[in-house]
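Please open the model in your viewer and keep the selection tool at hand. The tour below moves from one selection to the next and says what is found at each stop.

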Amino acid sequence: MEKKGWDGFEIGAMLRSFDGATRDIATTLPEDRPYSQSNSFTASVADWRIEKPLFNKDYCIDCQFCWVYCPDMSIISRDKKMVGIDFDHCKGCGICVEVCPTNPKSLLMFAEQQDEESAIAEWPKKDTSKAKEEAKDE
Amino acid sequence: MSEIKKIKNLKEFSTSADRFEGANLLCPGCAHSIIVREVLNATNDDLILAASTGCLEVCTAVYPYTSWDASWIHIGFENGSSAVAGAEAMYKALKNKGRLKQPDRTPKFVAFGGDGATYDIGFQWISGCFERGHNMMYVCLDNEVYANTGGQRSSSTPIGSSTTTAPAGRVSYGEKMMKKDMMAIMAAHGAPYVAQVAPNKWKDMVAKIQKGFAAEGPVYINAMSACTTEWKFAPEDTIAISDLAVDSLVFPLYEIINGEKLNITYRPKNIIPVRDYLGAQGRFKHLFTKQYEYLIDEWQKNVDKKWDYLQRREEASV
C-alpha cells in the first residue's frame with residue numbers, strides 16, 4: 001500500500017479491513033480471512049516486548065483463562081485447545097502467566113532472546129512444598 | 001441469525017473468532033481490549049460500532065491501520081452514542097421501507113466511550129439517545145481518569161485518587177469529589193437494561209451483554225477497566241486488581257431492569273477490606289501516610305453504605 005502524508009489523505013477516505021468480499025467474519029478464523037494491508041493484523045508490536053511468554057503444553061489443562069484475559073488476541077485457541085502464542089501481536093504484558101492455574105504454570109515469562117527448547121528443558125517441576133507441609137500436619 | 005450465541009463455558013467461548021485485531025497501540029495489560037473482546041465475542045451477528053475519542057479510539061485507528069473487523073466510526077469526543085443512534089435510525093427507516101439489501105441479518109449497534117466521554121463530555125448526547133429510545137448498546141469503559149491525555153481527573157475519578165489535575169501532596173489528598181453514580185442516572189432514564197460489569201468476571205459479563213443485546217431499547221453497560229498506567233500497577237496485575245475491586249465491593253456487579261428492578265449478580269464469598277484494593281495501586285499511595293489515613297476509613301464506610309443500599313433495593317425489588 002502506498003503510504004500518504006497527512007495532506008495526501010483524501011477526505012472521506014476509508015480504510016478497509018479486508019480485501020474482497022467477506023461474509024460472516026464472526027465465524028471465520030483468522031487464517032481464513034482475507035486481511036488487507038490496512039488491517040493492524042498485518043502489523044507487529046513484537047518490538048514492545050522485553051520478556052515473552054512461552055507455552056509448555058505438558059502441563060496445560062485447556063482452561064482457556066489465558067485466552068479470555070489476553071488483551072492482544074495473542075493466545076491461539078482452536079477446537080477448545082490452547083495451541084500457541086501469536087508473537088507478532090503479543091506485547092509481553094504477562095497477564096496469561098498470572099492467570100494460569102496449573103502447578104507448575106504452563107505459561108512462563110522468559111527473556112526475549114531465549115529459545116523455546118532450552119526454556120522447556122529448564123521448566124520448573126511441580127511445587128510440592130505445600131503438599132509436603134500438609135502431609136506433615138497429618 | 002438473531003438467535004443468541006450459546007456460550008456455556010469458557011472452552012465453548014474460546015472457539016469465537018475475534019473481530020478486534022492485535023497490533024493496536026493500547027498499553028500492554030490494558031483492560032479496554034479485554035472488555036471489547038468480551039463484548040464483540042458475545043454475538044455472531046453483524047456489528048455497527050462507534051467509539052468516542054479516548055484511548056480505545058486513538059489506539060485502534062492509527063493511520064494507515066484499523067484494528068476493527070466490523071463497521072466502525074469515530075466522529076468526536078461527545079457523539080459516539082449519537083453516531084450509532086443515527087445508523088440505527090437509518091436501519092429502521094430502510095427496514096420499514098423494505099429496502100434493506102440483506103433483510104435476514106440483524107445487526108447490533110454498539111457505542112464505546114471512556115468515562116470522560118460518558119460521564120462528562122458526551123453526557124447530554126447519551127441522555128438524548130436514551131430518551132429517544134434507540135435500539136442500541138452504550139458501553140462505558142470506566143477507568144476513572146482521562147488516561148488518553150495524561151491522567152486528568154474526570155467526574156468518575158473517586159475521592160482520594162491522585163491525578164495530574166488533582167495531585168496529592170502536602171496540602172491536598174488529590175481528588176476531592178465523590179464518583180458520579182452514572183448507573184442510577186442511566187436507570188432513571190427508564191432504560192430497559194443497565195448493568196455494571198467487570199472483565200475478570202467474564203461469565204457474568206457475557207451474560208449481561210447478551211441480555212443487553214436481547215433487550216429492545218437503549219442499554220447502558222458500565223465496564224470497569226483497570227488502567228495499568230494511571231492506576232499505577234504492573235501490567236500483569238490487571239486481572240488481580242480487577243478481582244480486588246470486585247471482591248472489595250468498590251465495583252459491585254449488579255443490573256437494573258426497566259429502571260425499576262435491581263439484581264445483584266455477584267456476591268463475593270469473602271469480602272476483602274477496601275484497604276487492600278487501595279494499597280495495590282500507586283494512585284492511592286499517599287493515603288497510607290499518617291496525614292491522610294482517615295480517608296481509608298471513610299472509603300470503607302462509603303463502600304459499606306452503597307452495598308447496604310444495593311442489598312436493600314434488591315430485597316425490596318425496586
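Begin in chain B, where B:Ile35, B:Glu38 and B:Val39 of helix α2(B) should be selected together with B:Trp202, B:Met205, B:Val206, B:Ile209 and B:Phe213 of helix α8(B), since these are the residues through which the two helices meet. Colouring this selection by residue character will show 7 nonpolar residues, 1 charged residue and no polar ones. Please bear in mind throughout that this is a predicted model.

Next, widen the selection to the whole helices, residues 31-40 for α2 of chain B and residues 202-214 for α8 of chain B, whose axes lie 9 Å apart and pack at an angle of about 50°. Because of that angle, α2(B) counts as oblique to α8(B), and the crossing of the two helices is right-handed.

Now turn to chain A, and colour residues 1-43 as domain 1 and residues 44-123 as domain 2, following the domain assignment. The C-alpha centres of these two domains of chain A are 28 Å apart. Which residues of domain 1 of chain A lose the most area to domain 2 of chain A? Select A:Glu31, A:Phe41 and A:Ala43, which together account for 76% of what the domain 1 side buries.

To finish, show the whole boundary between the domains of chain A, where 7 residues of domain 1 are in contact with 4 residues of domain 2. The area buried between domain 1 and domain 2 of chain A is about 370 Å², and carbon and sulfur atoms give 45% of it.

Note on methods
Residues numbered from 1 in each chain as written. Chains lettered and ligands numbered in written order. Predicted model: local features only at pLDDT ≥ 70, side-chain atom pairs only at ≥ 80, totals over all residues. Heavy atoms only, no water. Axes fitted to C-alpha atoms, helices over the stretch in contact; angles between N-to-C directions. Helix = DSSP H or I, 4+ residues; strand = E, 2+ residues; numbered from the N terminus. Parallel < 35°, antiparallel > 145°, perpendicular 65-115°, else oblique. Left-handed = near helix turned anticlockwise from the far one by under 90°. Contact = heavy atoms within 4.5 Å. Nonpolar A, V, L, I, M, F, W, Y, C, P; charged D, E, K, R; others polar. Domains from an automatic or database assignment. Buried area = accessible area lost by both parts, 1.4 Å probe.
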